[in-house]
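The following exercises are to be worked through with the sequence and the model in view. Each task is followed by a solution in steps.

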Amino acid sequence: MNMSTANVTLFDDEFLKKLEYLNIISKRLFAGQLRAERRTRKRGTGLEFADYRAYVAGDDFRHLDWKAYLRLNRLILKLFEEEEDLRIYFFVDSSQSMSYGDPSKLDYARRVCAALSYIGLANLDRVNVISFANGIKSEMPPQRGKGRIFKIFRFLTEITPGGETNARASFKTYCTETRRRGLAVVISDMFDGNGFESALDILRHFRHDIFVIHIASHEEIDPMLRGELQLVDSENNVSREITITPSLLAAYRAEFSKYCEAIESYCGKYQLGYARTVTDFPFEELILKVFRQGRFLK
Amino acid sequence: MTFLALTAAQAGLLAAITVALIIGLYLLKLRHRRVLISSSILWRRVLDEREWHSLWEKLRRIVSIVIAATIALLIAMSLARPEVESLTGKNERIVIVLDTSPTMNTNTSDGKTRWQHAAERAKSLLDSGGPTTEFRVLDTAEVTSSAFTTDRNEVRKLIDAMAPKSAEPQFPRVDGQLSQVYFISDGVAFHDTPSVVKRISVFEAANNVGITAFEIRSVPSTPLGYEAYLEVQNFGHPTEAGLTLSGPGGQRVNRTVRLATEQTYKEVFDLSQFVGGGIRATAQSKDDAFPMDDVAFAYLPIKRKTRTLLVTKGNRYLETALKLDNYVDLSLTDPANYRESPNLDAYIFDKFAPNVPPARPALIFGTPSASWLKPAEGEIQKPEITSWSENHPIMQYVSVHDVAIERAARIDAGNLTVVAASKQTPLIVVSEKPKWVMLTFNLESSDFPFHIGFPVFIENVLAWFNRDQFALKRSPGVVDVPLANAQIRTIDGKLVSSEQQLGKTIFLANEPGLFAGAQGDTRVHVAVNLANPRFSDINRSVFRTDRTAAREQFWLRRELWFYMLLAAAVLISIEWFTYHRRITL
C-alpha cells in the first residue's frame with residue numbers, strides 16, 4: 001500500500017477553482033429527488049419547454065396551450081422539463097494491482113475521483129464513492145454540495161490497496177442494494193481475472209450510464225524487463241518463471257494493446273464512455289483536455 | 001578414440017567433472033530473479049499462447065544446457081589431446097633418411113636432379129600421416145640430424161636447406177622398431193640397408209663419362225721430369241669423349257676417344273712442356289648427367305733442385321743418400337771451412353752447428369753446442385722411440401718404430417715441436433721459426449741410415465724446407481690440410497673460409513678444385529677430386545624399382561584438439577548471439 005497520499009493535499013485551491021466551471025455531461029437524463037441543474041426525463045415545473053400531449057382530466061389548466069386550442073379545437077397540454085439532481089457513483093478499484101506504478105495507479109485514481117467528485121458536488125449532484133476489489137471494501141454515503149468535498153478527500157485517502165479484483169461481484173453487490181440509477185464512473189486498471197465485460201454488463205443491466213477511466217502505468221505498457229525472471233502477480237502471488245526475450249516483450253506489448261482495444265471496443269459497442277491514461281500523464285491536462293476530448297466535460 | 005595427454009580413465013573423469021560442473025553452474029544461473037508485477041493476466045495469455053505453439057520453448061532449457069556442456073566438454077577434452085585414428089591417423093614416428101651422396105647430383109631427363117626428386121618425395125611424405133605424426137630428417141653425410149617434430153614446415157625448411165655432399169656417405173643409425181624409416185636414394189652408394197628401412201627410389205638411368213683417376217707423378221728416369229696419369233671410364237651408352245689437359249701457361253693436350261659401355265681409357269701424358277702450377281683435366285661427352293666427375297685437378301711442382309750444403313767431417317751414409325737424391329744439388333764442406341752463402345737453399349750440419357743460425361733452413365744431426373740450439377743436458381743410453389707424429393710433413397711415409405739408437409742427448413724441448421721421442425728425451429725436434437730440424441742422436445750411433453725410411457726422411461725434410469710439393473689428394477667434402485692456422489685460397493687466389501682443428505686447417509670443398517694452403521713460408525697444395533669409380537658409376541643402383549606404397553593421407557591436418565577448440569569457439573559465438581537474443585538461456 002502506498003499511503004504517501006494520506007497526508008498530502010490532493011488539489012490546491014487554484015486547481016479547484018478551475019474545476020468549478022466544468023460540468024459533467026450525462027448522456028442520458030435521470031430522474032432525481034431534488035431540483036438541480038440536470039434535465040430529467042420526468043416532465044415537471046421547469047422553465048424549458050419539452051413537449052405536448054393531449055389533455056386528460058386532472059391536468060393543471062395553467063399548462064394548457066390556448067393558441068393551439070383556437071387553431072385545432074383540441075385541448076393540448078404543454079410539458080416542461082423538470083431540472084433534477086444527478087447521482088454519480090465513483091467505483092474506485094483498490095485491488096492490490098492498483099498499488100503498482102510510480103506514481104501508483106491508486107493515487108492517480110484518487111485524484112481523478114476527487115476532481116470529478118468536486119465537479120459533481122459543485123453542480124449539486126449526489127456523489128457516491130465506492131472502493132472495491134473482490135467485493136465492496138468501503139462505501140461513502142451520497143454527498144451533495146461543495147462543502148462535502150473534504151469528506152470525500154478524507155474517504156479517498158483512507159482507501160488502501162489490497163485483494164484480488166472481482167468487479168462483477170462488487171458491482172452486483174452494490175447495485176442490488178442501491179437501485180437508483182445514475183452515472184457510474186469506473187476508475188480501474190481493468191485487470192480482472194473474470195473479465196471486465198461481465199462486470200460492466202451488471203452496471204448496464206441496472207441501466208446506469210457508464211464511464212470507464214482506464215488507468216495504466218508505463219511499466220505495464222512497456223515493461224523494462226530483461227533476463228531470467230520469476231514474475232509474481234501482486235494480487236494473488238501466483239508466480240511464473242520466464243525468460244524475457246525481445247520477441248516475448250513485443251508479444252506482451254501487442255497483447256496489452258489488444259486488451260485495451262478490447263475494452264475500448266466493448267465500451268464503444270454499448271456507447272459507454274471510455275478514457276485511457278497513464279499515471280505519469282499530467283493530471284491537470286487529463287482533467288482539462290482529455291476529458292473534454294472524451295466528451296466527459298463541457 | 002585414444003588420448004595422448006591423459007589416460008582413458010582420467011579423460012572420462014575430466015569429462016564427468018566438466019559436465020557436472022556445467023550443469024551445476026547452469027542450475028545456479030537459472031535461478032530466476034523475482035519481480036513483482038501488477039497482474040499476470042496478460043503475461044499468462046502471452047506465455048500460454050507461445051508455449052502452446054512452440055516446441056522450442058519446451059526444449060530451450062535442455063538445448064541450452066547441452067550447448068554449454070558441449071562447449072565445456074570440447075575445451076576440457078582438448079586438454080587430453082584426443083586422437084581418432086580414422087580422422088587424424090595414429091600417432092607414429094617417421095624417419096626420413098635422404099641420400100646426400102654425390103651421385104644424387106645426377107641430372108634426370110626432366111631437367112631436375114635426383115636430389116630434387118628426393119626432396120620432393122620427402123615433402124610428399126610429410127603430407128602423409130596425421131597431425132600427430134612426428135618426423136625426423138637425416139642425411140647420409142652426418143650433417144643433418146633433426147629431432148622428431150610434428151612441425152612439417154620446419155622439416156620442409158630443413159629439407160630445402162639440405163644438399164648432396166661430397167663426403168663418403170654413411171647410413172645413419174636409426175631405430176626401426178619405434179619408428180618407420182624411409183630411405184630416399186638412387187641406390188648407387190648404398191647397396192645394403194637395414195631390413196626395416198623402406199626404400200623410395202629416385203633412380204633413373206643416365207649417361208656419364210667420368211674421370212676416375214688423375215695424378216701427376218715424377219718420372220723416375222728423369223730428374224725433375226713429371227707425367228700425368230689420367231683414367232676415364234664410360235658408365236653409360238657408347239659415346240665419344242673429348243679429353244683435355246690444360247696448364248697455367250696455356251699448354252693444352254686434347255684427345256678424342258670412343259668409349260664403349262663400361263670401357264676404361266687410360267693414358268699417361270708427358271708434362272715436360274708444362275710449366276709448374278695447377279693442371280686441369282676435363283672429360284666432355286654428350287648427354288653427360290653427372291658433371292662432378294668431368295673435371296679433375298693436380299699440381300705440377302715448379303721444377304728446381306734444392307741447393308744443399310752438407311757440413312760434416314765425413315759421413316758416408318749421409319753423403320751417399322744426398323748424392324743419390326735427384327732433387328738435391330749437393331755441396332760439401334767441413335766445419336772449419338763453413339761459410340754461409342746466399343746461393344744455398346738448405347744446410348745439413350753433421351755434429352756441428354755455427355754460432356749464429358743460418359738464414360736458410362737447416363737439418364742438424366747430433367746435439368752440437370750452439371747458442372740458438374737447445375743444449376744437451378746429459379746422455380740417454382739406448383733410448384727407445386715410443387712416440388712419433390705421422391702427420392708432420394717430415395714424417396710422412398717414414399716408419400721409425402724399429403729404429404735402434406745407441407745413445408742420444410737429453411734436451412729440454414721447450415717450445416720446439418717434438419715429432420719423435422723416447423720416454424726420456426725428444427729424439428727429433430722441429431723449430432718452425434727459424435726453420436730447422438734436429439736429431440738428438442748421431443747417425444753413427446743408430447741404424448736409422450739403414451732403414452728404408454731414411455732417404456724418405458731426408459727428402460721430406462728438404463722438401464719441407466722449401467721445395468715445391470705435389471698436391472695432397474683429397475676427396476670433396478671436408479678437406480684437411482696438415483698446417484695449423486693456414487690460409488686457404490683457391491687456385492684463382494680467392495680466400496676460402498676455414499677452421500682450425502687439432503693442429504690442422506679444415507675447409508669445405510663440395511666441388512672438385514685445386515686449393516693452396518699457406519702458413520708463413522710453408523705452402524701446401526690440395527687437389528680435391530671425386531675420382532672415384534664408385535660414385536661415377538651412377539647406374540650401379542640396386543633401387544631399380546620403388547617398392548614403397550604410398551602412405552595414407554588424412555583430411556585433418558592438425559591434431560583433433562585444434563578442431564575441438566575451433567568448434568568450441570564457434571559454439572561460443574553462436575551461444576553468445578542466441579543468448580543475447582534470448583533464443584537460448
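**Exercise 1: the two chains**

In chain A, 53% of the 298 residues are buried, where buried means under 20% relative accessible area, exposed over 50% and partly exposed in between (1.4 Å probe, protein chains only). The model is predicted: local features need pLDDT of at least 70, side-chain atom pairs count only at pLDDT 80 or more, and totals for chains, interfaces and linings use all residues. Residues are numbered from 1 along each chain as its sequence is written, chains are lettered from A and ligands numbered from 1 in the order in which they are written, and side-chain values use heavy atoms, with hydrogens and water left out.

Task. State the secondary structure, the burial and the exposed area of chain A and of chain B.

Solution.
1. Chain A contains nine helices and 10 strands, and chain B contains 10 helices and 32 strands. Helices (H or I, at least four residues) and strands (E, at least two) are DSSP runs, numbered from the N terminus.
2. Buried residues account for 53% of chain A and for 51% of the 585 residues of chain B.
3. The exposed area is about 14200 Å² for chain A, with 48% from carbon and sulfur atoms. For chain B it is about 28700 Å², with 53% from those atoms. These areas come from the Shrake-Rupley method with a 1.4 Å probe.

**Exercise 2: a helix pair in chain A**

Task. Determine how helix H5 and helix H6 of chain A pack, and which residues make the contact.

Solution.
1. Two packed helices are described by the angle between their axes and the distance between the axes.
2. Helix H5 (residues 167–177) and helix H6 (residues 196–205) of chain A pack at about 10°, and their axes lie 8 Å apart. Axes are lines fitted to C-alpha atoms, for helices over the stretch in contact, and angles run from 0 to 180 degrees between N-to-C directions.
3. H5(A) is therefore roughly parallel to H6(A), a class that takes angles under 35 degrees.
4. H5(A) contributes A:Ala167, A:Arg168, A:Phe171, A:Lys172 and A:Cys175, while H6(A) contributes A:Phe196, A:Ser198, A:Ala199, A:Ile202 and A:Leu203. Contact means heavy atoms within 4.5 Å.

**Exercise 3: the sheet of chain B**

Task. Trace the order of the eight-stranded open sheet in chain B, and describe the surroundings of strand S18.

Solution.
1. The order is S16-S15-S17-S18-S24-S23-S22-S20, with mixed pairing. Two strands pair if DSSP finds at least two bridges between them.
2. The edges are S16 (328–333) and S20 (387–388) of chain B, each of which pairs on one side only.
3. At the S20 edge, S20(B) and S22(B) (residues 417–421) are antiparallel over two bridges; B:Trp388 has B:Ala420 as its bridge partner in S22(B).
4. S18(B) pairs in the parallel sense with S17(B) over four bridges, and B:Phe349 stands opposite B:Ile364 of S18(B).
5. Four bridges also join S18(B) to S24(B), and these strands run parallel; B:Phe365 faces B:Leu439 of S24(B).
6. B:Ala362 and B:Ile364 point one way from S18(B), B:Leu363 and B:Phe365 point the other way, and all are buried.
7. Helix H7 (residues 316–324) of chain B lies across strands including S16 and S18, and runs at about 150° to S16(B).

Definitions and conventions:
Parallel < 35°, antiparallel > 145°, perpendicular 65-115°, else oblique.
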